[in-house]
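Work through the exercises below with the sequence and the model side by side. Try each task before reading its solution.

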Amino acid sequence: MAFVENYSVNGTTLDSHKYAIETVRRTSGKLKGENVIPAFDHGQKWRRKYLDVYSERWDMYVTDNDATTGIPPSTTEAQRASLNANYEELIEILQVNHAASGYEAPLQVVRKEKTNLSSPSDVYRVNYGEIRQPIEVSKSSTFDCYRFTAQVDYMDPRWYESNSAGAKTVSTLTATGNPGGSAPMTRMTITLTDDETSNPYIENTTTGSKITWSGGNPSGDIVIDTTNYTAKIGSTSVTGNIDRTGSTTTAWFELRPGVSNTLVSNVSFSISYTKAFF
């Protein structure tokens, strides 16, 4: 049917003649962490909170329609068979309980949205989740259709810029600048160039992140993966040389969205990341 905006799950678009998402109910991201309660002072002291699991509720329906024509079969028996086949196809997509290679959770969800008011165009965001709650299905006695609500939980509450197939797009910073996006970015690859400088470092004074390689003069470019918490020179692990003294964030490195991030280093550097959105 090709809705103007839609969702795809594991490569299947959920806006066909056979089945579709009717309504998406989003929750604002829940925060985790507690304020400090001092025993010998009034009230509480604020402590920074961090994003927890994010959930959506999809109201969905399944019909007996043909995928191409959008028309149901001509006989009652065939209509029932078509309805059941369409339902089983959809449930098989949603109830996956293993993560495919390259997936962070069983369901790869790609959201197509419109952007740019003056000249609307498509943008895509990707995230990974799973359905953990039971699905209660109701069957209409008047029309040949099923209706149900599926709750999708996303381990990472942030959506990432991607192409239509869900491959994340890569942006790069090599100097102070605005990283874009709307959510804090902590997943990135930082390359500190070997120019014979001892103990190279990079610092974001906007977020308080700082990473130093404490190993004298490195023998090559240092590649730091903040997603998997590793550092390498070539194929050699040098993670043990990473020092975060002076950092004020729990993440290895953080970029703040929507503002210019002041990046300071004693060597040339590049930061490869994907823009994150709520």
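The exercises cover strands, sheets, cores, a pocket and one loop residue.

The model is predicted: local features need pLDDT of at least 70, side-chain atom pairs count only at pLDDT 80 or more, and totals for chains, interfaces and linings use all residues. Residues are numbered from 1 along each chain as its sequence is written, and side-chain values use heavy atoms, with hydrogens and water left out.

**Exercise 1. Trace the partners of strand β7.**

Solution.
- Start with the naming: strands are DSSP runs of E, at least two residues, numbered from the N terminus. Two strands pair if DSSP finds at least two bridges between them.
- Take β1 (residues 6–9): four bridges join this strand to β7, and the two run antiparallel. Serine 8 faces valine 110 of β7.
- Turn to β8 (residues 121–131): nine bridges join β7 to β8, again antiparallel. Glutamine 108 has tyrosine 128 in β8 as its bridge partner.
- Check the connection: the hairpin of β7 and β8 has five residues between the strands, and asparagine 116 there takes a positive phi near 70°.
- Finish with burial (buried means under 20% relative accessible area with a 1.4 Å probe, protein chains only). Seven of the nine residues of β7 (residues 107–115) are buried.

**Exercise 2. Give the strand order of the open sheet of six strands, and find its edges.**

Solution.
- Read the order: β12-β21-β13-β16-β17-β18, with antiparallel pairing.
- Locate the edges: β12 (171–173) and β18 (236–237) each have a single partner strand, so one side of each lacks a neighbour in the sheet.
- Look inside: β13 (residues 188–192) and β16 (residues 222–225) pair antiparallel over four bridges. Leucine 192 is bridged to isoleucine 222 of β16.

**Exercise 3. Do the same for the open sheet of four strands.**

Solution.
- The order is β19-β15-β14-β20, with antiparallel pairing.
- β19 and β20 are the edges; each has a single partner strand, so one side of each is without a neighbour in the sheet.
- Two bridges join β15 to β19. Tryptophan 213 has isoleucine 242 in β19 as its bridge partner.

**Exercise 4. Which residues of the largest nonpolar core touch the most other members?**

Solution.
- Define the core: a set of buried Ala, Val, Leu, Ile, Met, Phe, Trp, Tyr and Cys residues joined through side-chain atoms within 4.5 Å.
- Pick the residues: of 29 members, Ile190, Ile224, Phe253, Leu255 and Ile271 touch the most others.
- Map the suppliers: β8, β13, β15 (209–213), β16, β17 (230–233) and β21 (269–273) each give at least two residues of this core.
- Add the second, separate core: its 23 residues include Val9, Leu14, Ile91 and Ile131.

**Exercise 5. Where does glutamate 254 sit, and is its side buried or exposed?**Solution.
- Glutamate 254 lies in the loop between β19 (242–243) and β20 (263–265).
- Glutamate 254 is buried, at 5% relative accessible area.
- Its contacts (heavy atoms within 4.5 Å) include Arg48, Thr186 and Asn261.

**Exercise 6. Which residues lie nearest the centre of the largest pocket?**

Solution.
- A pocket is an open set of points on a 1 Å grid over the protein atoms alone, where a 1.4 Å probe fits, with protein on both sides within 12 Å along at least five of seven lines; lining residues have an atom within 4 Å of a point.
- Of 24 lining residues, Tyr50, Leu51, Arg158, Thr186 and Ala251 lie nearest the centre.

Notes: Buried < 20%, exposed > 50% of the residue type's maximum accessible area, 1.4 Å probe, protein only. Lists of a residue's contacts leave out its neighbours within four places in sequence.
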